[in-house]
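Pull the model up in your viewer and keep the sequence handy. We'll walk through it piece by piece, beginning in the sheet.

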Amino acid sequence: MIKPVLFFAHLCPDTEPFVAELARLNVDYESVNILESMANYKRFLFLRDHHSAFDHAKQNRYIGIPALLLADERVVLDKDELSSVFK
């Protein structure tokens, strides 16, 4: 099974509660800090620019992180949706 990929920034205040919820649900994932390298930032921007899950974030001038990319290409942006995804 392919691990979900969490795109985040350590400076984002929404990251810590999102990560805490993933830990509570015992979800194993790949971490991608978008501020760690240009490669990570470009990887996130490609996803953000091409996935409709980010349309609302872009329209409202949000970055769209934290974002959890699932193996089936769905993207979870709201920590409150995690419990329904990982039942």
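Start at phenylalanine 7, which stands opposite valine 32 in strand 2. One residue back, leucine 6 has serine 31 of strand 2 opposite it. Both positions belong to the pairing of strand 1 with strand 2, which is parallel and runs over four bridges. Bear in mind as you click around that this is a predicted model.

How does the chain get from strand 1 to strand 2? The path goes through helix 1, and the resulting β-α-β crossover is right-handed. Helix 1 itself covers residues 15–24, and strand 2 covers 30–33.

Now look at the other flank of strand 1. Here strand 3 is joined to strand 1 by three bridges, and the two run antiparallel. Phenylalanine 7 turns up again, with alanine 67 as its bridge partner in strand 3. So what does the whole sheet look like, and in what order do its strands come? It's an open sheet of four strands, ordered 2-1-3-4, with mixed pairing. Strand 2 and strand 4 (75–76) stand at the edges with a single partner strand each, so one side of each has no neighbour in the sheet.

Back to strand 1 for its side chains. Val5 and Phe7 point one way, Leu6 and Phe8 point the other way, and all of them are buried. Just past the strand, alanine 9 sits in the loop between strand 1 and helix 1. With a relative accessible area of 5%, alanine 9 falls under the 20% cut-off and therefore counts as buried. If you'd like a distance to check in your viewer, take the C-alpha atoms of alanine 9 and leucine 82: they are separated by 18 Å, with these positions 73 residues apart along the chain.

Next come the aromatic rings. The structure holds two aromatic pairs. In one of them, the rings of phenylalanine 7 and phenylalanine 44 have their centres 5.8 Å apart, and their planes meet at 45 degrees, so the pair is tilted. This pair links distant parts of the chain, since phenylalanine 7 is in strand 1 (residues 5–8) and phenylalanine 44 is in helix 2 (residues 38–50), 37 residues apart. Phenylalanine 7 and phenylalanine 44 are both buried.

The other pair brings in phenylalanine 54. Its ring centre lies 5.8 Å from that of phenylalanine 44, and with the planes at 85 degrees this pair is edge-to-face. Why edge-to-face rather than tilted? An angle over 60 degrees counts as edge-to-face, so 85 degrees puts the pair in that class. Phenylalanine 44 lies in helix 2, while phenylalanine 54 is in the loop between helix 2 and helix 3 (55–59), so the pair ties together parts 10 residues apart in sequence. How accessible are these two rings' residues? Phenylalanine 44 is buried at a relative accessible area of 1%, and phenylalanine 54 is buried at 0%. Put together, Phe7, Phe44 and Phe54 form one aromatic cluster.

On to the backbone. Most residues other than glycine have a negative phi, and most peptide bonds are trans. Here are some exceptions worth a click. Asparagine 26 has a positive phi of about 60 degrees although it is not a glycine. Asparagine 26 is in the loop between helix 1 and strand 2, and its 70% relative accessibility makes it exposed. Arginine 61 is another non-glycine residue with a positive phi, near 60 degrees. You'll find arginine 61 in the loop between helix 3 and strand 3, exposed with a relative accessible area of 79%.

That loop between helix 3 and strand 3 (67–69) is also the place of proline 66. The peptide bond from isoleucine 65 to proline 66 is cis, with omega near -5 degrees.

Both residues of that cis bond lead us to the last stop, the largest pocket, which has a volume of about 290 Å³. Which of its 15 lining residues are the closest to its centre? They are Asp14, Gly64, Ile65, Pro66 and Leu77. Helix 1 and helix 3 each supply at least two residues of the lining. By chemistry, the lining divides into 10 nonpolar residues, two polar and three charged.

Note on methods
Residues are numbered from 1 along each chain as its sequence is written. This is a predicted model: local features need pLDDT of at least 70, side-chain atom pairs count only at pLDDT 80 or more; totals for chains, interfaces and linings use all residues. Side-chain values use heavy atoms; hydrogens and water are left out. Rings of Phe, Tyr and Trp (its six-membered ring) pair if their centres lie within 6.5 Å; planes under 30 degrees apart count as stacked, over 60 as edge-to-face and the rest as tilted. Buried means under 20% relative accessible area, exposed over 50%, partly exposed in between (1.4 Å probe, protein chains only). On a 1 Å grid over the protein atoms alone, a cavity is a set of points where a 1.4 Å probe fits but cannot get out, and a pocket is an open set with protein on both sides within 12 Å along at least five of seven lines; lining residues have an atom within 4 Å of a point. Grid points are joined across faces, edges and corners, and a volume is the space filled by probe spheres set on the points. Ala, Val, Leu, Ile, Met, Phe, Trp, Tyr, Cys and Pro count as nonpolar, Asp, Glu, Lys and Arg as charged, and the others, Gly among them, as polar. Two strands pair if DSSP finds at least two bridges between them. A crossover is right-handed if, with the strands pointing away from the viewer, the path from the first strand over the helix to the second runs clockwise.
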